[in-house]
Amino acid sequence: MKIGILYIGIGRYVSFWADFYKSCEELLVPEAEKHYYVFTDQENLIESSERIKVYHQDDMGWPCNSLFRFKMFRRIKDDLTGNDYLFFFNSNAKIVRPVSADEFLPQEEDYSALCMAEKPDMLGHERRQTSACCVAEDETDYYFSGALNGGKCKPYLQLIEGCDDIVDTDLRNGIMPIWHDESAINRFLVGKSVKRMSRVMGKPANWREPQNAKIILRRKEDVLGRSWLRNYKGREHTNTWLRKLLRKIGLVS
């Protein structure tokens, strides 16, 4: 059984890689053969090997490094097809307890995703009807995190292509999805068969519960620096900025 793991470590985010990789090798479905597909602009800090492929990715800033993750993955889809499963992990993820195949991998379901909310008043879906990411209030009772999601190889490649198309549609129309890539994932998964993973598979490190968490999301402030992170995510979008970006990536002329 082969599990392909997609990972983005651009700029300072590459600092998370070593601990993530070590924990994944030791604790994530130990019997599986794991292959890593890493996107970074810091290639000298990650050693390539037979099971670690490193792809150069320019730093596009926030939120573009996250928003365009599907475009990154889509360009290497031929490299991904030999896996049985594909999973994306946020850069700050770390496995802290053994994770078995039964609790992690989808069985009859096509997808696995970290479920953040199951109450209508906690859902953060894109509600603008002009957005391709729009999810109406009566369409679903679930909201999925962008931090951890995956599935069997063929369906997940379809997710990559579908989410990339959704994002491109919004950007062509001058719309920035409210929660960027996460909004696209939630739109795509409406009506799909999904194995909903609880916060046991993705607990923020500063939360007390659940105490039996197997995967944690480390505090970015602790590794990247609070002031750097505030500055990195503090830029506002403007129509001029968006137009320049779309022209650069070829979505508009």
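## A walk from helix 6 outwards

Just after helix 6, Gly-174 takes a positive phi of about 75°. Keep in mind that this is a predicted model, where local features need pLDDT of at least 70 and side-chain atom pairs count only at pLDDT 80 or more, while totals for chains, interfaces and linings use all residues. Residues are numbered from 1 along each chain as its sequence is written, and side-chain values use heavy atoms, with hydrogens and water left out. Helices (H or I, at least four residues) and strands (E, at least two) are DSSP runs, numbered from the N terminus.

Let's stay with helix 6, which covers residues 153-172. Its 20 residues reach 29 Å from the first C-alpha to the last, close to the 28 Å expected at 1.5 Å a residue; the expected span is 1.5 Å times one less than the number of residues. Of those 20 residues, 14 are buried, so helix 6 is mostly covered. Here buried means under 20% relative accessible area, exposed means over 50%, and partly exposed is in between (1.4 Å probe, protein chains only).

Now move on to helix 7, residues 181-189. Eight of its nine residues are buried, so helix 7 is largely enclosed by the rest of the structure. The buried set is Asp-181, Glu-182, Ser-183, Ala-184, Ile-185, Asn-186, Phe-188 and Leu-189. What do these residues pack against? Their partners are helix 2 (64-67), helix 3 (69-74), strand 6, strand 7, helix 6 and strand 8 (194-197), with contact meaning heavy atoms within 4.5 Å. Just after helix 7 comes another glycine with a positive phi, Gly-191, at about 85°.

Leu-189 of helix 7 is a good way into the interior. Leaving aside neighbours within four places in sequence, Leu-189 is in contact with Tyr-111, Ala-113, Phe-144, Leu-159 and Val-194. The largest nonpolar core has 36 residues, and within it Leu-6 and Leu-189 touch the most other members. A nonpolar core is a set of buried Ala, Val, Leu, Ile, Met, Phe, Trp, Tyr and Cys residues joined through side-chain atoms within 4.5 Å. At least two residues of the largest core come from each of strand 1 (2-8), strand 2, helix 2, helix 3, strand 4, strand 6, helix 6 and helix 7. The largest share, nine residues, is supplied by helix 6. There is also a second, separate core of 33 residues, with Tyr-13, Phe-20, Val-38 and Ile-46 among them.

On to the charged pairs. A salt bridge is a side-chain nitrogen of Lys or Arg within 4 Å of a carboxyl oxygen of Asp or Glu, and by this rule the count comes to twelve. Take Glu-139 and Arg-187, whose closest N and O atoms are 3.1 Å apart. Glu-139 sits in the loop between strand 6 (111-117) and strand 7 (143-152) and Arg-187 in helix 7, so their salt bridge ties together parts 48 residues apart in sequence. Glu-139 is partly exposed at 34% relative accessibility. Elsewhere, Lys-71, Arg-74, Asp-164, Asp-165 and Asp-168 are joined into one network by salt bridges that share partners.

Glu-25 and Arg-51 form a salt bridge too, with closest N and O atoms 2.7 Å apart. This pair links distant parts of the chain, 26 residues apart: Glu-25 is in helix 1 (residues 17-27), and Arg-51 is in the loop between strand 2 (33-40) and strand 3 (52-56). Glu-25 is partly exposed at 26% relative accessibility, and Arg-51 is partly exposed with a relative accessible area of 26%. In the Glu-126 and Arg-128 bridge, the closest N and O atoms are 2.8 Å apart; Glu-126 is buried at 3%, whereas Arg-128 is partly exposed at 38%.

Is Asn-92 buried or exposed? Its relative accessibility is 5%, so Asn-92 counts as buried, and it lies in the loop between strand 4 (85-89) and strand 5 (93-95). A polar atom of the Asn-92 side chain lies 2.8 Å from the backbone oxygen of Arg-218. Not counting residues up to four places away in sequence, Asn-92 touches Phe-16, Ile-216, Leu-217, Arg-218 and Lys-220.

Finally, the cysteines. The structure holds zero disulfides, a disulfide being a pair of cysteine sulfur atoms within 2.5 Å. The closest cysteine sulfur to that of Cys-134 is in Cys-133, 9.0 Å away, which is too far for a bond. Cys-134 counts as buried at 16% relative accessibility, and Cys-24 is buried at 0%.

Methods
Polar contact = N/O pair within 3.5 Å; in protein donor to acceptor, adjacent residues only side chain to side chain.
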